[in-house]
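Colleague: Could you take a close look at a single part of this model for me, and explain how it is built before I start working with it? I would like one connected account, with the cut-offs stated where they matter.

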Amino acid sequence: MLPQLSKNPLTWLKILLVGGICGALCDQIHVQGEVLWYAVPVLLDQAWWVAPLFGGASLVMYVSTSVWAPWSERLAPAPKANGEIARELLWFVAMYALSAGMHRKPLWLCALYAVLFVRRLVRRRDRGEALRAPWP
């Protein structure tokens with residue numbers, strides 16, 4: 001099965017720009033948290049190539065998920081409401097920020113991640129399906 005990729009160049013440009021900006025903003029969390037640094041910073045202590053790298057990675061993710069998403073959706077369709085997508089995004093950014101704030105205490109960070117994972121899993125209505133492997 002061939003992937004269903006957009007033929008609209010504006011879609012590709014949006015993915016490149018939004019992925020680059022959002023990736024650089026998340027990277028900025030780690031820069032400000034002193035998790036990482038760049039030898040030749042250009043803007044806000046980041047290298048010039050950070051945003052283009054995340055933009056390119058976003059395009060690669062778009063293409064690669066377009067390959068396996070139809071197969072995955074046939075096995076377990078998972079419609080997401082906009083509110084649920086926003087909550088998942090907030091969790092992602094929160095965990096990113098947590099990794100920046102606690103990077104000097106990796107065991108505590110790992111324990112906190114485990115506790116939060118179990119808490120989120122327990123609250124899911126579909127926890128049985130979430131624990132099951134996506135293949136028979």
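**The second largest pocket**

Modeller: Of the 136 residues in the chain, 19% are buried (under 20% relative accessible area, with over 50% called exposed and partly exposed in between, using a 1.4 Å probe and protein chains only). The model is predicted, so that local features need pLDDT of at least 70 and side-chain atom pairs count only at pLDDT 80 or more, while totals for chains, interfaces and linings use all residues. Residues are numbered from 1 along each chain as its sequence is written, and side-chain values use heavy atoms, with hydrogens and water left out.

The chain has five helices and zero strands (DSSP runs of H or I with at least four residues, or of E with at least two, numbered from the N terminus), and its pattern along the sequence reads α-α-α-α-α. Of the contacts (heavy atoms within 4.5 Å) between residues at least 6 apart in sequence, 57% join residues at least 24 apart.

Against that background, the second largest pocket has a volume of about 630 Å³ (an open set of points on a 1 Å grid over the protein atoms alone, where a 1.4 Å probe fits and protein lies on both sides within 12 Å along at least five of seven lines; lining residues have an atom within 4 Å of a point; the volume is the space filled by probe spheres set on the points, which are joined across faces, edges and corners). The lining comprises 13 residues, and those closest to the centre of the pocket are C22, S58, M61, L89 and F92. The elements that each give two or more residues to this lining are α1, α2 and α3, the last of these spanning 82-101, and α1 gives the most, with six residues.

Among the residues closest to the centre, S58 deserves a further look. S58 belongs to helix α2, which covers residues 50-75, and S58 counts as buried because its relative accessibility is 14%. Leaving aside residues up to four places away in sequence, S58 is in contact with I15, G19 and G20. One of these partners, G19, sits in helix α1 and is likewise counted as buried, since its relative accessibility is 14%.

With the same exclusion of residues up to four places away, G19 touches K14, F54, G55 and S58, so the G19 and S58 pair appears again when read from the side of G19. A further distance concerns G19 and G56, which are 37 residues apart in sequence, yet their C-alpha atoms are 7.9 Å apart in space.
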